[in-house]
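Here is a short set of exercises to work through at your own pace. Keep the sequence and the model side by side, and try each task before reading its solution.

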Amino acid sequence: MSPMAAGSRTWMTEADCDLDAFRRLVEQHTEPGDYPSAEGVEQAVLIYHSDRLRGLVTTREGRRDVQEELVGALLDGPGVVVLKRAFTEAAVMDQASEVFHALIEEERTSGTARGDHFAGPGANDRVWNAIDKVAVRVPEVFADYYSNDMLELVAEAWLGPAYQVTSQVNVVNPGGAAQSAHRDYHLGFLTQERAAAYPAHVHRLSPVLTLQGAVAHGDMPVESGPTLYLPHSQKFEPGYLAWRLPQFVEYFDTHHVQLPLEKGDAVFFNPALFHAAGHNRSAGIRRMANLLQISSAFGRAMETVDREAMANALFPVLLRRKAEGASEYWLRRVIAATADGYPFPTNLDLDPPVDGLAPPSQADTVWQAVVEGWAPERLRQELQASAKRRRS
(Lines give C-alpha, C1' and ligand atoms only; values in the text may rest on other atoms or scores of the structure.)
Protein backbone atom coordinates (compact mmCIF):
# COMPACT_ATOMS: atom_id res chain seq x y z
CA MET A 1 0.00 0.00 0.00
CA SER A 2 2.95 2.30 0.54
CA PRO A 3 6.68 2.28 -0.13
CA MET A 4 7.27 0.94 3.38
CA ALA A 5 4.31 -1.43 3.65
CA ALA A 6 6.24 -4.47 2.48
CA GLY A 7 9.27 -3.71 4.59
CA SER A 8 10.21 -4.81 8.08
CA ARG A 9 10.21 -1.40 9.70
CA THR A 10 8.70 -1.39 13.18
CA TRP A 11 9.24 2.24 14.11
CA MET A 12 9.08 5.32 11.94
CA THR A 13 10.62 8.76 12.29
CA GLU A 14 10.47 12.01 10.34
CA ALA A 15 13.51 10.74 8.43
CA ASP A 16 11.19 8.23 6.75
CA CYS A 17 9.07 11.05 5.30
CA ASP A 18 10.47 11.04 1.78
CA LEU A 19 8.76 13.69 -0.34
CA ASP A 20 9.75 11.97 -3.59
CA ALA A 21 8.11 8.72 -2.47
CA PHE A 22 5.05 10.69 -1.39
CA ARG A 23 4.92 12.44 -4.76
CA ARG A 24 5.01 9.13 -6.62
CA LEU A 25 1.97 7.94 -4.67
CA VAL A 26 -0.21 11.02 -4.94
CA GLU A 27 0.52 11.62 -8.59
CA GLN A 28 -1.06 8.29 -9.53
CA HIS A 29 -4.07 8.40 -11.82
CA THR A 30 -7.47 7.24 -10.66
CA GLU A 31 -8.55 4.78 -13.33
CA PRO A 32 -12.32 4.94 -14.00
CA GLY A 33 -12.33 1.35 -15.27
CA ASP A 34 -11.39 0.09 -11.81
CA TYR A 35 -14.63 1.48 -10.38
CA PRO A 36 -17.53 0.33 -12.60
CA SER A 37 -20.25 1.72 -10.29
CA ALA A 38 -18.86 5.27 -10.44
CA GLU A 39 -20.13 7.90 -12.84
CA GLY A 40 -16.66 9.21 -13.45
CA VAL A 41 -13.55 10.84 -12.05
CA GLU A 42 -13.06 14.55 -11.36
CA GLN A 43 -9.63 15.78 -10.28
CA ALA A 44 -8.75 12.19 -9.34
CA VAL A 45 -11.82 11.93 -7.05
CA LEU A 46 -14.47 9.28 -7.72
CA ILE A 47 -17.99 10.58 -8.31
CA TYR A 48 -20.98 8.32 -7.62
CA HIS A 49 -24.65 9.01 -8.29
CA SER A 50 -26.58 7.78 -5.29
CA ASP A 51 -29.69 6.90 -7.29
CA ARG A 52 -27.61 4.52 -9.39
CA LEU A 53 -26.08 2.95 -6.29
CA ARG A 54 -29.55 2.46 -4.84
CA GLY A 55 -30.43 0.43 -7.90
CA LEU A 56 -27.27 -1.67 -7.66
CA VAL A 57 -27.62 -2.69 -4.00
CA THR A 58 -31.08 -4.22 -4.10
CA THR A 59 -29.59 -7.73 -3.79
CA ARG A 60 -27.07 -9.03 -1.29
CA GLU A 61 -24.59 -9.76 -4.08
CA GLY A 62 -25.04 -6.31 -5.59
CA ARG A 63 -24.60 -4.64 -2.21
CA ARG A 64 -21.43 -6.57 -1.52
CA ASP A 65 -20.02 -5.70 -4.93
CA VAL A 66 -20.64 -1.99 -4.41
CA GLN A 67 -19.23 -2.07 -0.90
CA GLU A 68 -16.13 -3.89 -2.09
CA GLU A 69 -15.65 -1.18 -4.69
CA LEU A 70 -16.06 1.57 -2.10
CA VAL A 71 -13.56 -0.07 0.24
CA GLY A 72 -11.07 -0.33 -2.62
CA ALA A 73 -11.59 3.33 -3.43
CA LEU A 74 -11.00 4.43 0.15
CA LEU A 75 -8.10 2.08 0.88
CA ASP A 76 -6.10 1.62 -2.31
CA GLY A 77 -7.68 4.19 -4.60
CA PRO A 78 -7.94 7.96 -4.27
CA GLY A 79 -9.14 7.71 -0.67
CA VAL A 80 -12.17 9.95 -1.23
CA VAL A 81 -15.57 9.51 -2.89
CA VAL A 82 -18.39 11.94 -3.59
CA LEU A 83 -21.94 10.60 -3.46
CA LYS A 84 -24.20 12.94 -5.40
CA ARG A 85 -27.72 13.37 -3.99
CA ALA A 86 -27.03 11.11 -1.04
CA PHE A 87 -29.66 13.04 0.96
CA THR A 88 -32.67 13.64 -1.26
CA GLU A 89 -35.42 14.76 1.14
CA ALA A 90 -35.15 18.53 1.05
CA ALA A 91 -37.61 18.98 3.92
CA VAL A 92 -35.51 16.82 6.23
CA MET A 93 -32.33 18.66 5.24
CA ASP A 94 -33.99 22.02 5.79
CA GLN A 95 -35.36 21.01 9.19
CA ALA A 96 -31.94 19.78 10.26
CA SER A 97 -30.35 22.99 9.01
CA GLU A 98 -32.83 25.04 11.03
CA VAL A 99 -31.87 23.16 14.17
CA PHE A 100 -28.17 23.61 13.38
CA HIS A 101 -28.64 27.36 12.96
CA ALA A 102 -30.62 27.57 16.18
CA LEU A 103 -27.88 25.77 18.08
CA ILE A 104 -25.24 28.10 16.63
CA GLU A 105 -27.21 31.19 17.62
CA GLU A 106 -27.87 29.90 21.13
CA GLU A 107 -24.23 29.08 21.70
CA ARG A 108 -23.08 32.36 20.22
CA THR A 109 -25.45 34.26 22.49
CA SER A 110 -24.24 32.33 25.53
CA GLY A 111 -20.66 33.33 24.73
CA THR A 112 -19.41 29.77 25.01
CA ALA A 113 -15.84 29.46 23.68
CA ARG A 114 -15.38 27.25 20.67
CA GLY A 115 -12.20 25.56 19.55
CA ASP A 116 -11.32 23.90 16.28
CA HIS A 117 -8.73 21.20 15.74
CA PHE A 118 -6.94 22.72 12.77
CA ALA A 119 -8.16 26.33 12.53
CA GLY A 120 -8.14 29.24 14.94
CA PRO A 121 -11.22 30.03 17.06
CA GLY A 122 -13.55 32.44 15.27
CA ALA A 123 -12.78 31.20 11.77
CA ASN A 124 -16.03 29.30 11.76
CA ASP A 125 -19.11 28.36 13.78
CA ARG A 126 -18.92 24.84 15.14
CA VAL A 127 -21.43 22.81 17.10
CA TRP A 128 -19.73 20.01 18.95
CA ASN A 129 -21.70 16.86 19.80
CA ALA A 130 -24.39 17.85 17.32
CA ILE A 131 -25.74 14.33 16.98
CA ASP A 132 -26.62 14.30 20.68
CA LYS A 133 -28.26 17.71 20.62
CA VAL A 134 -30.32 17.06 17.51
CA ALA A 135 -31.55 13.71 18.81
CA VAL A 136 -32.79 15.28 22.05
CA ARG A 137 -34.36 18.34 20.44
CA VAL A 138 -36.01 16.90 17.34
CA PRO A 139 -35.98 13.10 17.47
CA GLU A 140 -38.21 12.74 14.44
CA VAL A 141 -35.93 14.86 12.26
CA PHE A 142 -32.99 12.95 13.67
CA ALA A 143 -34.58 9.63 12.72
CA ASP A 144 -35.34 10.75 9.18
CA TYR A 145 -31.88 12.22 8.71
CA TYR A 146 -29.77 9.38 10.10
CA SER A 147 -31.82 6.64 8.47
CA ASN A 148 -30.04 7.61 5.26
CA ASP A 149 -29.21 4.55 3.17
CA MET A 150 -26.03 5.93 1.59
CA LEU A 151 -24.59 6.74 5.01
CA GLU A 152 -25.23 3.16 6.10
CA LEU A 153 -23.87 1.73 2.84
CA VAL A 154 -20.47 3.42 3.12
CA ALA A 155 -20.14 3.15 6.91
CA GLU A 156 -20.89 -0.57 6.90
CA ALA A 157 -18.51 -1.10 3.99
CA TRP A 158 -15.59 0.59 5.77
CA LEU A 159 -16.30 -0.35 9.39
CA GLY A 160 -18.63 -3.33 9.38
CA PRO A 161 -21.72 -3.50 11.58
CA ALA A 162 -22.30 -1.77 14.93
CA TYR A 163 -20.48 1.39 13.86
CA GLN A 164 -20.95 4.50 16.01
CA VAL A 165 -21.89 7.84 14.42
CA THR A 166 -20.87 11.21 15.83
CA SER A 167 -21.24 14.57 14.13
CA GLN A 168 -20.18 18.19 14.36
CA VAL A 169 -21.81 21.03 12.49
CA ASN A 170 -19.28 23.32 10.85
CA VAL A 171 -20.13 26.66 9.26
CA VAL A 172 -17.30 28.53 7.56
CA ASN A 173 -18.36 32.14 7.18
CA PRO A 174 -17.40 34.49 4.35
CA GLY A 175 -13.76 35.36 4.82
CA GLY A 176 -13.15 32.31 7.00
CA ALA A 177 -9.58 31.12 6.49
CA ALA A 178 -8.68 27.60 5.42
CA GLN A 179 -7.59 24.97 7.88
CA SER A 180 -4.06 23.67 7.76
CA ALA A 181 -3.56 20.37 5.96
CA HIS A 182 -3.86 17.40 8.29
CA ARG A 183 -4.85 13.83 8.90
CA ASP A 184 -7.54 12.86 11.40
CA TYR A 185 -8.47 10.06 13.79
CA HIS A 186 -6.68 8.67 15.63
CA LEU A 187 -2.99 9.39 15.28
CA GLY A 188 -3.72 12.72 13.62
CA PHE A 189 -4.63 14.21 17.00
CA LEU A 190 -1.29 13.33 18.56
CA THR A 191 1.90 15.33 18.68
CA GLN A 192 4.81 14.28 16.48
CA GLU A 193 6.58 12.70 19.44
CA ARG A 194 3.57 10.70 20.57
CA ALA A 195 2.64 9.59 17.06
CA ALA A 196 6.20 8.35 16.51
CA ALA A 197 5.96 6.28 19.70
CA TYR A 198 3.40 4.02 18.02
CA PRO A 199 4.77 1.18 15.85
CA ALA A 200 4.24 1.18 12.11
CA HIS A 201 1.46 -1.40 12.21
CA VAL A 202 -0.60 0.98 14.38
CA HIS A 203 -0.07 3.70 11.78
CA ARG A 204 -1.60 1.29 9.27
CA LEU A 205 -4.42 0.38 11.66
CA SER A 206 -5.46 3.87 12.74
CA PRO A 207 -7.30 4.91 9.54
CA VAL A 208 -9.51 1.83 9.40
CA LEU A 209 -11.03 2.59 12.80
CA THR A 210 -12.87 5.68 11.55
CA LEU A 211 -14.69 6.91 8.46
CA GLN A 212 -14.73 10.65 7.82
CA GLY A 213 -17.63 12.27 6.04
CA ALA A 214 -19.43 15.53 5.35
CA VAL A 215 -22.96 16.29 4.21
CA ALA A 216 -23.48 19.55 2.31
CA HIS A 217 -26.38 21.53 3.79
CA GLY A 218 -26.30 24.04 0.98
CA ASP A 219 -24.68 24.47 -2.41
CA MET A 220 -20.91 24.82 -2.08
CA PRO A 221 -19.27 26.44 -5.09
CA VAL A 222 -15.50 26.48 -5.03
CA GLU A 223 -15.41 30.11 -3.91
CA SER A 224 -17.19 29.12 -0.70
CA GLY A 225 -14.24 26.91 0.24
CA PRO A 226 -15.31 23.26 0.19
CA THR A 227 -12.79 20.81 1.58
CA LEU A 228 -9.36 20.50 0.01
CA TYR A 229 -8.14 16.96 -0.66
CA LEU A 230 -4.92 15.33 -1.82
CA PRO A 231 -6.07 12.09 -3.49
CA HIS A 232 -4.01 8.94 -2.83
CA SER A 233 -2.17 10.54 0.11
CA GLN A 234 -3.74 8.09 2.58
CA LYS A 235 -1.41 5.41 1.20
CA PHE A 236 1.75 7.09 2.49
CA GLU A 237 2.60 5.08 5.58
CA PRO A 238 4.63 7.75 7.45
CA GLY A 239 1.92 10.33 6.74
CA TYR A 240 1.01 10.82 10.40
CA LEU A 241 4.54 12.12 10.87
CA ALA A 242 4.66 13.97 7.55
CA TRP A 243 1.63 16.22 7.48
CA ARG A 244 3.15 18.89 9.73
CA LEU A 245 6.48 19.03 7.88
CA PRO A 246 6.92 22.23 5.83
CA GLN A 247 7.77 20.48 2.55
CA PHE A 248 4.60 18.36 2.75
CA VAL A 249 2.47 21.37 3.69
CA GLU A 250 3.87 23.22 0.69
CA TYR A 251 3.18 20.26 -1.59
CA PHE A 252 -0.41 20.03 -0.34
CA ASP A 253 -0.96 23.75 -0.80
CA THR A 254 0.23 23.49 -4.41
CA HIS A 255 -1.37 20.20 -5.49
CA HIS A 256 -4.64 19.76 -3.57
CA VAL A 257 -7.94 19.43 -5.39
CA GLN A 258 -11.27 21.04 -4.53
CA LEU A 259 -14.68 19.98 -5.80
CA PRO A 260 -17.91 21.97 -5.66
CA LEU A 261 -20.83 20.26 -3.92
CA GLU A 262 -24.57 20.64 -4.10
CA LYS A 263 -27.05 20.51 -1.26
CA GLY A 264 -27.56 16.88 -0.26
CA ASP A 265 -24.23 15.63 -1.62
CA ALA A 266 -22.04 13.64 0.76
CA VAL A 267 -18.29 13.14 0.76
CA PHE A 268 -16.65 10.20 2.49
CA PHE A 269 -12.92 9.78 2.89
CA ASN A 270 -10.20 7.82 4.59
CA PRO A 271 -9.14 9.79 7.70
CA ALA A 272 -5.48 9.37 6.64
CA LEU A 273 -6.14 11.42 3.52
CA PHE A 274 -4.41 14.80 3.66
CA HIS A 275 -7.26 17.32 3.74
CA ALA A 276 -8.35 20.71 5.06
CA ALA A 277 -11.41 22.93 5.02
CA GLY A 278 -11.03 25.59 2.34
CA HIS A 279 -10.98 29.38 2.48
CA ASN A 280 -14.42 30.91 2.05
CA ARG A 281 -13.82 33.67 -0.48
CA SER A 282 -17.49 34.21 -1.27
CA ALA A 283 -19.36 37.42 -0.53
CA GLY A 284 -22.29 35.90 1.30
CA ILE A 285 -22.26 32.10 1.50
CA ARG A 286 -22.19 30.61 4.99
CA ARG A 287 -20.86 27.20 4.04
CA MET A 288 -22.57 24.63 6.26
CA ALA A 289 -21.61 20.97 6.49
CA ASN A 290 -22.53 18.23 8.90
CA LEU A 291 -19.18 16.61 9.60
CA LEU A 292 -19.36 12.91 10.38
CA GLN A 293 -16.85 10.84 12.33
CA ILE A 294 -18.07 7.24 12.24
CA SER A 295 -16.20 4.85 14.50
CA SER A 296 -15.61 1.13 14.45
CA ALA A 297 -17.36 -0.90 17.12
CA PHE A 298 -13.92 -2.28 17.93
CA GLY A 299 -12.62 1.15 18.89
CA ARG A 300 -13.95 0.47 22.38
CA ALA A 301 -12.69 -1.86 25.09
CA MET A 302 -14.47 -5.10 26.03
CA GLU A 303 -14.99 -4.14 29.68
CA THR A 304 -16.17 -1.05 31.51
CA VAL A 305 -13.50 -0.13 34.06
CA ASP A 306 -13.76 2.47 36.83
CA ARG A 307 -10.40 4.00 36.09
CA GLU A 308 -11.15 7.06 38.20
CA ALA A 309 -11.41 4.87 41.31
CA MET A 310 -8.26 3.02 40.27
CA ALA A 311 -6.32 6.27 39.82
CA ASN A 312 -7.39 7.58 43.21
CA ALA A 313 -6.42 4.30 44.87
CA LEU A 314 -3.00 4.15 43.19
CA PHE A 315 -2.08 7.81 43.61
CA PRO A 316 -0.68 7.60 47.19
CA VAL A 317 1.42 4.63 46.08
CA LEU A 318 2.76 6.61 43.13
CA LEU A 319 3.68 9.55 45.38
CA ARG A 320 5.39 7.29 47.88
CA ARG A 321 7.35 5.37 45.25
CA LYS A 322 8.39 8.61 43.58
CA ALA A 323 9.75 9.85 46.92
CA GLU A 324 11.60 6.54 47.31
CA GLY A 325 13.33 7.03 43.96
CA ALA A 326 11.18 5.13 41.48
CA SER A 327 12.09 5.99 37.88
CA GLU A 328 9.89 8.00 35.55
CA TYR A 329 9.46 4.92 33.36
CA TRP A 330 8.20 2.86 36.30
CA LEU A 331 5.71 5.55 37.28
CA ARG A 332 4.49 5.98 33.72
CA ARG A 333 4.00 2.23 33.30
CA VAL A 334 1.80 2.10 36.38
CA ILE A 335 -0.20 5.11 35.23
CA ALA A 336 -0.63 3.56 31.79
CA ALA A 337 -2.14 0.45 33.37
CA THR A 338 -4.34 2.52 35.68
CA ALA A 339 -5.70 5.63 33.98
CA ASP A 340 -7.35 6.23 30.62
CA GLY A 341 -4.71 7.54 28.24
CA TYR A 342 -7.11 8.60 25.48
CA PRO A 343 -9.07 11.87 25.83
CA PHE A 344 -11.95 10.90 23.55
CA PRO A 345 -14.90 10.53 23.45
CA THR A 346 -15.67 13.67 25.42
CA ASN A 347 -18.16 16.51 25.52
CA LEU A 348 -16.31 19.09 23.46
CA ASP A 349 -18.67 21.85 24.60
CA LEU A 350 -17.30 21.49 28.13
CA ASP A 351 -13.92 19.98 27.32
CA PRO A 352 -12.84 21.73 24.07
CA PRO A 353 -9.40 21.51 22.43
CA VAL A 354 -8.97 25.28 22.62
CA ASP A 355 -5.26 25.12 23.46
CA GLY A 356 -4.36 22.17 21.28
CA LEU A 357 -5.62 19.26 19.27
CA ALA A 358 -7.13 17.44 22.22
CA PRO A 359 -8.01 18.00 25.88
CA PRO A 360 -5.84 16.30 28.52
CA SER A 361 -6.49 12.64 29.13
CA GLN A 362 -7.07 11.12 32.55
CA ALA A 363 -3.52 9.75 32.44
CA ASP A 364 -2.15 13.22 31.65
CA THR A 365 -3.90 14.57 34.75
CA VAL A 366 -2.55 11.79 36.98
CA TRP A 367 0.98 12.33 35.66
CA GLN A 368 0.72 16.07 36.32
CA ALA A 369 -0.46 15.30 39.85
CA VAL A 370 2.52 13.00 40.45
CA VAL A 371 5.05 15.48 39.06
CA GLU A 372 3.61 18.41 41.01
CA GLY A 373 2.94 16.43 44.18
CA TRP A 374 -0.76 17.18 44.50
CA ALA A 375 -2.67 16.26 47.60
CA PRO A 376 -4.87 13.20 46.99
CA GLU A 377 -8.02 15.25 47.51
CA ARG A 378 -7.00 17.66 44.76
CA LEU A 379 -6.57 14.79 42.30
CA ARG A 380 -9.89 13.31 43.39
CA GLN A 381 -11.65 16.62 42.74
CA GLU A 382 -9.96 17.15 39.37
CA LEU A 383 -10.81 13.65 38.16
CA GLN A 384 -14.41 14.16 39.23
CA ALA A 385 -14.52 17.48 37.39
CA SER A 386 -12.96 15.92 34.30
CA ALA A 387 -15.48 13.06 34.33
CA LYS A 388 -18.30 15.59 34.62
CA ARG A 389 -16.95 17.58 31.63
CA ARG A 390 -16.92 14.42 29.53
CA ARG A 391 -20.61 13.69 30.04
CA SER A 392 -23.12 14.60 27.37
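## Exercise 1: A strand and its partners

V215 of β6 stands opposite N290 in β11. The model is a predicted one, in which local features need pLDDT of at least 70 and side-chain atom pairs count only at pLDDT 80 or more, while totals for chains, interfaces and linings use all residues. Residues are numbered from 1 along each chain as its sequence is written, and side-chain values use heavy atoms, with hydrogens and water left out.

**Task.** Work out how many bridges join β6 to β11, and how many join β6 to β9.

**Solution.**
Step 1. Get the terms clear: strands are DSSP runs of E with at least two residues, helices are runs of H or I with at least four, and both are numbered from the N terminus. Two strands pair if DSSP finds at least two bridges between them.
Step 2. Take β11: seven bridges join β6 to β11, and the two run antiparallel.
Step 3. Turn to β9 (residues 266-269): four bridges join this strand to β6, again antiparallel. Here Q212 has F269 as its bridge partner.
Step 4. Now look at the cover, where buried means under 20% relative accessible area, exposed over 50%, and partly exposed in between (1.4 Å probe, protein chains only). Seven of the seven residues of β6 are buried. T210, Q212, A214 and A216 point one way, and L211, G213 and V215 the other.

## Exercise 2: The whole sheet

**Task.** Find which strands stand at the edges of the sheet.

**Solution.**
Step 1. Write down the order of the eight strands in this open, mixed sheet: β1-β2-β3-β9-β6-β11-β5-β4.
Step 2. Read off the ends: β1 (40-42) and β4 (124-127) each have a single partner strand, so one side of each is left without a neighbour in the sheet.
Step 3. Add the twist: neighbouring strands are turned by 25° against each other on average, direction ignored.
Step 4. Check the β4 end: β4 pairs with β5 (residues 164-172) in the antiparallel sense over four bridges, and V127 stands opposite V169 there.
Step 5. Place helix α6 (residues 139-146), which packs on the sheet and touches β5, β6 and β11 (contact means heavy atoms within 4.5 Å). The direction of α6 makes about 75° with that of β11; axes are lines fitted to C-alpha atoms, for helices over the stretch in contact, and angles run from 0 to 180 degrees between N-to-C directions.

## Exercise 3: Charged pairs

**Task.** Decide how far apart the closest N and O atoms are in the D51 and R54 pair and in the E328 and R332 pair.

**Solution.**
Step 1. Apply the rule: a salt bridge has a side-chain nitrogen of Lys or Arg within 4 Å of a carboxyl oxygen of Asp or Glu. The count comes to 23 salt bridges.
Step 2. For D51 and R54, the closest N and O atoms are 3.1 Å apart. These two are three residues apart in helix α2 (residues 50-56), which means a separation of about one helical turn.
Step 3. For E328 and R332, the value is 2.9 Å. Both lie in helix α13 (residues 328-338), four residues apart, about one turn of the helix.
Step 4. Finish with the network: salt bridges that share partners join E105, R108, D125 and R286.
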